[in-house]
Amino acid sequence: MKQQTAGNTAPAENTVPAAVRPFRVEVPEAELADLRERLARTRWPAESPEPGWERGVPLAYLRELAEYWRTSYDWRAQEARLNAVPQFTTTVDGQTLHFLHRRSPEPDALPLLLCHGWPGSPVDFLLVADALADPRAHGGDPADAFHVIAPSTPGFGFSTPLAGPGWGVMRTAAAFAGLMRRLGHDRYGVHGFDVGGGIADTVRRLDPGHVAGLHLAMAGTDDMVPVLSAAGTVAVRPGPAFGEDAMGSYRIQSTRPQTLGYGLTDSPVAQLAWITEKFHEWTDPAAELPEDAVDRDLLLTKVTLYWLGRLGASTAHFTYETRREMARLARERPAGEPVTGIPLGVAEFASHPGLRALADPDGAVAHWSAFERGGHFPALEQPALLTGDLRAFFRPLR
């Protein structure tokens, strides 16, 4: 991957501060050749004693997916797709931050900070960025336009390497608020899902004078859902069906990130299985296979970024830091701190009876949309639904 400080940039982007540097994804061919060679030399385990996904990704399925990755997947096409969206880097609090910045052609567009989850990156928002920024070109009302800012969380995407310890949700949220100030966005909306929902809520808490509204995506029984009290606090806890089995990856990443990182960094198939399993477990329950919920090439683009950037370890370190950060905050502020005056909206995907009763028993959230399709990755699974809900929620807040 390569950062460039020169080259063609959209005219509107020439107004960004000098500390913000244009960025392009340019992977050396030698790294792609190495990936294909490693895939060809995979040392496979024996088949599981029982069929299906109960013990992890089935051998036959993963072998076929790995072979497609090796022989048919076109990274250069996906690289061009990524580079079609203006990207930049800057340094905040000593940490390199990478971000997509899709400015709207509409002069009154509302800046919108998009916070991804794990296993994620700004790739999660590729299918919604243009429609959010230019609704006129997508059959929408130009009054609903956003300037889209989608950063890579430290340790994710191209916000690497980690500058040191301490990069959890709180420090990341402070850095993202600093990024918005640096870009000159005095008033903005925030959206997030998964741990990105925690980051988004923390931005609201740290920068209340500039946040117009907070929008969260929740994904029913297969997600880590924000539980919203009538007081407006947000705490992350498992949904009804998020039990011990599905928490395995979190427990490993939050306790032994470095040990896990060796395998994910050395074996592309290990990294592929680690992420693919989550796309099977966390996407729309109606989807039999991951690619039934998310385009296969987009899934592999997410995995390829993790492989090329050696992100298996660094993203796990983020989980490690966040777990300790949350434990400290729970000791210091066990009851949480209510946030008032900033509107809150929720889009619930893969809806099931009782979720709102669990998360918002008093009906305190005025904007709550429940969709029967989609799951943990709504911007990839149901981009039109998410785009529509973001437009509807922020429309009266402009």
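Mentor: Start with one definition. Buried means under 20% relative accessible area, exposed means over 50%, and partly exposed lies in between. Keep in mind that this model is predicted.

Trainee: Is E29 buried, exposed or partly exposed?
Mentor: Look at its relative accessible area, which is 43%. The cut-offs are 20% and 50%, and anything in between has its own class. Therefore E29 is partly exposed.

Trainee: Which residue forms a salt bridge with E29?
Mentor: Look for the closest N and O atoms of the pair, which are 3.1 Å apart. The partner has a relative accessible area of 34%, so the partner is partly exposed. The residue is R36.

Trainee: How many residues apart are R38 and D34, and what separates them in helix α1?
Mentor: Their side chains meet in a salt bridge, 2.8 Å from N to O. R38 has 26% relative accessible area and is partly exposed. D34, at 30%, is partly exposed too. Both lie in α1, residues 29-40, and because they are four residues apart, the separation is about one helical turn.

Trainee: Which parts of the chain does the salt bridge of D144 and R395 link?
Mentor: The two side chains meet at 2.9 Å, N to O. The pair is 251 residues apart and joins distant parts of the chain. Those parts are the loop between α4 and β5, for D144, and the segment after α15, for R395.

Trainee: Which of the two, D144 or R395, is buried?
Mentor: R395 has 45% relative accessibility, so R395 counts as partly exposed. The other partner has a relative accessible area of 4%. That is under the 20% cut-off. The buried one is D144.

Trainee: Which residues are joined into one network by salt bridges that share partners?
Mentor: The structure holds 20 salt bridges. One of them pairs E29 with R36. Shared partners extend the set to E29, R36, R76 and E79.

Trainee: How far from D144 in space is P396?
Mentor: P396 sits in the segment after α15. P396 is exposed, because its relative accessibility is 64%. In sequence P396 and D144 are 252 residues apart, yet C-alpha to C-alpha the distance is 9.9 Å.

Trainee: How many of the 13 residues of α11 are buried?
Mentor: Helix α11 runs over residues 296-308 and reaches 18 Å, close to the span expected. The buried set includes R296, K302, W307 and L308. The helix is mostly covered, and the count is twelve.

Trainee: Which residues have the most contacts inside the largest nonpolar core?
Mentor: This core has 102 residues. α11 gives the most to it, with eight residues. One core residue, L113, touches others including I149, F176 and M180. Those with the most contacts inside the core are W75, L113, V190 and V203.

Trainee: Which backbone nitrogen does a side-chain oxygen of D295 reach at the start of α11?
Mentor: The oxygen comes to within 3.1 Å of its target. The nitrogen belongs to D297.

Trainee: What is the phi of R310, just after α11?
Mentor: R310 is in the loop between α11 and α12. Its relative accessible area is 54%, so R310 is exposed. Its phi is positive, in a residue other than glycine. The value is about 55 degrees.

Trainee: Which other loop holds D194, a residue with positive phi?
Mentor: Phi of D194 is near 55 degrees. D194 is buried, because its relative accessible area is 12%. Its loop lies between β6 and α6.

Trainee: Which residue is joined to T160 by a cis peptide bond?
Mentor: A cis bond with omega near -5 degrees runs from W118 to P119. P119 lies in the loop between β4 and α4. At T160 omega is about -5 degrees, and the partner is in the loop between β5 and α5. That residue is P161.

Trainee: How far from buried E381 is the nearest side chain of opposite charge?
Mentor: E381 lies in helix α14. Its side chain reaches the backbone nitrogen of H376 at 3.3 Å. E381 has no salt bridge. The nearest side chain of opposite charge is that of K302, and the distance is 9.8 Å.

Methods
Residues are numbered from 1 along each chain as its sequence is written. This is a predicted model: local features need pLDDT of at least 70, side-chain atom pairs count only at pLDDT 80 or more; totals for chains, interfaces and linings use all residues. Side-chain values use heavy atoms; hydrogens and water are left out. Helices (H or I, at least four residues) and strands (E, at least two) are DSSP runs, numbered from the N terminus. Buried means under 20% relative accessible area, exposed over 50%, partly exposed in between (1.4 Å probe, protein chains only). Lys and Arg count as positive and Asp and Glu as negative; His and the chain ends are not counted. A salt bridge is a side-chain nitrogen of Lys or Arg within 4 Å of a carboxyl oxygen of Asp or Glu. A polar contact is a pair of N or O atoms within 3.5 Å; within protein, one must be able to donate a hydrogen and the other to accept it, and residues adjacent in sequence count only if both atoms are side-chain atoms. The expected span of a helix is 1.5 Å times one less than its number of residues. A nonpolar core is a set of buried Ala, Val, Leu, Ile, Met, Phe, Trp, Tyr and Cys residues joined through side-chain atoms within 4.5 Å. Contact means heavy atoms within 4.5 Å. Lists of a residue's contacts leave out its neighbours within four places in sequence.
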